[in-house]
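Visitor: I should like to understand how the terms used for a protein model are justified. May we examine it together, one term at a time?

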Amino acid sequence: VGRDVAGVAVGDTVVGHVPFAAPFAAGTLGEYVVLPESQVVAVPASVDPLVAAALPLAGGAAWILADAIDAQPGHVVLINGASGGVGRMATQLLAQQGVTVVATASPATTQRMYDLGAATVIDYTQGDVAKQVLAAYPDGVDALINLNGWALETVPVDAVRRGGTIRTVTQVPDDTALEERGLTGRQVMASPDGAILAELLQQVAAGVLHIDIDRVVPLERAPAALHDIEAGQVHGKVVVDLTV
Ligand SMILES: NC(=O)c1ccc[n+]([C@@H]2O[C@H](COP(=O)([O-])OP(=O)(O)OC[C@H]3O[C@@H](n4cnc5c(N)ncnc54)[C@H](OP(=O)(O)O)[C@@H]3O)[C@@H](O)[C@H]2O)c1
């Protein structure tokens, strides 16, 4: 931080989310970054900076998605793609609110999803997710947070009861598909501000929000780690440590 801003002094360890307009122009990995004040928040001393580094986009997206569906205690929410970085945090945030979370996962990550608060885990490798969900919840779920699937047939939209709601990070389902099923919803592009990040960091400091880090790599190993993410060999977050 070049000068003191609200709640942050020069020399503090900070995290922030680079707004969407900036990252591709500015470079997505770098030693220096320029951020608006509103996006920057100090990392509490009790939180490992490497853990804090894994928080902003995944945690912020989880917070914004969980907030957007307006789930109430007792509601049933399906998270498709729950075992990734965003989904693990959304699972925890919703479970803490008394929501029944139905999480998708592969066998490798199933137990972890139960540990994080999922009530039911659906093995997405065992075929149609919507059918599996409806077998367990015949009335359908109240809401879907969709983190996976770029074609309608791969998004478990039919698991949602009529009148339910969907938030998706992919472009499906579109308005027509929603309307046909009597659903509301939209795509979400999360841009978490400092206030959201501060709240999430407090939860991490309090030990109620866990961030699963698959590995920490130096910059020169970042391309290999990105390749592993693409190949589905990463379970949780990858942190690039520019200090080593
Ligand atoms: N719009 C936004 O604001 C926003 C923000 C953040 C992220 N995103 C996007 O959201 C998506 C998820 O991000 P992430 O960081 O959580 O990803 P991630 O950490 O790479 O996790 C992806 C997870 O998807 C699971 N998966 C793979 N194939 C699946 C399938 N067919 N059905 C259900 N789950 C499947 C894998 O589970 P297993 O490990 O159990 O095999 C994996 O853990 C990405 O597309 C990302 O680009 C969007």
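Guide: Let us begin with a definition: a helix is a DSSP run of type H or I with at least four residues, a strand is a run of type E with at least two, and both are numbered from the N terminus. Please note that this is a predicted model.

Visitor: What makes the place of Pro 173 a loop?

Guide: Strand S7 covers residues 160-168, and helix H7 covers 175-180. Pro 173 belongs to neither run and lies between S7 and H7, and therefore its place is described as a loop between two elements. The bond that joins Val 172 to Pro 173 is a cis peptide bond, with omega at about 0°.

Visitor: Why is Thr 168 called buried?

Guide: The term buried requires a relative accessible area under 20%. Thr 168 has 1%, and therefore it counts as buried. This residue is part of strand S7, and it touches Asn 146, Pro 173, Arg 186, Gln 187 and Val 188, once residues up to four places away in sequence are set aside.

Visitor: What makes the pair Thr 168 and Asn 146 a polar contact?

Guide: A polar contact needs N or O atoms within 3.5 Å, one able to donate a hydrogen and the other to accept it. The side chains of Thr 168 and Asn 146 are joined at 3.1 Å, so the distance meets the limit. The side chain of Asn 146 also makes a polar contact with that of Asn 80, at 2.9 Å.

Visitor: How do you know that Asn 80 is buried?

Guide: Its relative accessible area is 5%, and the limit is under 20%, so Asn 80 is buried. Asn 80 sits in strand S3. Among the residues in contact with Asn 80, beyond its neighbours within four places in sequence, are Thr 104, Val 129, Leu 144 and Pro 156. Asn 80 and Leu 144 are 64 residues apart in sequence, yet their C-alpha atoms are 7.4 Å apart in space.

Visitor: Where does Asp 212 lie, and why is it called buried?

Guide: Asp 212 is in the loop between H8 and strand S9 (213-218). With 16% relative accessible area, Asp 212 falls under the 20% limit and is therefore buried. Its side chain is joined to that of Arg 112 by a polar contact of 2.8 Å. Beyond its neighbours within four places in sequence, the contacts of Asp 212 also include Arg 88, Leu 116, Gly 236 and Lys 237.

Visitor: Why is Asp 70 called exposed, whereas Thr 184 is called partly exposed?

Guide: Exposed means over 50%, and partly exposed covers the range between 20% and 50%. Asp 70, at 52%, is therefore exposed. Thr 184, at 49%, is therefore partly exposed. Asp 70 lies in the loop between H3 and S3, and it has a positive phi of about 50° although it is not a glycine. Thr 184 is in strand S8. The C-alpha atoms of Thr 184 and Val 204 are 32 Å apart, with their positions 20 residues apart in sequence.

Visitor: What makes a group of residues a nonpolar core?

Guide: Its members must be buried nonpolar residues joined through side-chain atoms within 4.5 Å. In soluble globular proteins, nonpolar side chains tend to be buried together. Here the largest nonpolar core has 43 residues, and those touching the most other members are Leu 55, Val 77, Ile 79, Leu 94, Met 113 and Ile 145. Elements giving two or more residues to this core include H3, S3, H4 and H8. H3 gives the most, with 6 residues. Apart from this core lies another, of 18 residues, with Ile 122, Ala 159, Val 160 and Leu 183 among them.

Visitor: How do you know which residues surround the ligand?

Guide: A residue is counted if one of its heavy atoms lies within 4 Å of the ligand. There are 21 such residues, and the closest are Ser 83, Thr 109, Tyr 124, Ala 190 and His 235. They divide into 11 nonpolar, 10 polar and no charged residues.

Visitor: What makes Ser 83 a polar partner of the ligand?

Guide: A polar side-chain atom of Ser 83 is 2.7 Å from an oxygen atom of the ligand, and this is within 3.5 Å, so the pair is a polar contact. Polar backbone atoms of Gly 85 and Val 86 each lie 2.9 Å from an oxygen atom of the ligand. Taken alone the ligand exposes 930 Å², of which the protein buries 73%.

Methods
Residues numbered from 1 in each chain as written. Predicted model: local features only at pLDDT ≥ 70, side-chain atom pairs only at ≥ 80, totals over all residues. Heavy atoms only, no water. Areas by Shrake-Rupley, 256 points an atom, 1.4 Å probe, with all protein chains shown as cover. Nonpolar A, V, L, I, M, F, W, Y, C, P; charged D, E, K, R; others polar. Buried < 20%, exposed > 50% of the residue type's maximum accessible area, 1.4 Å probe, protein only. Contact = heavy atoms within 4.5 Å.
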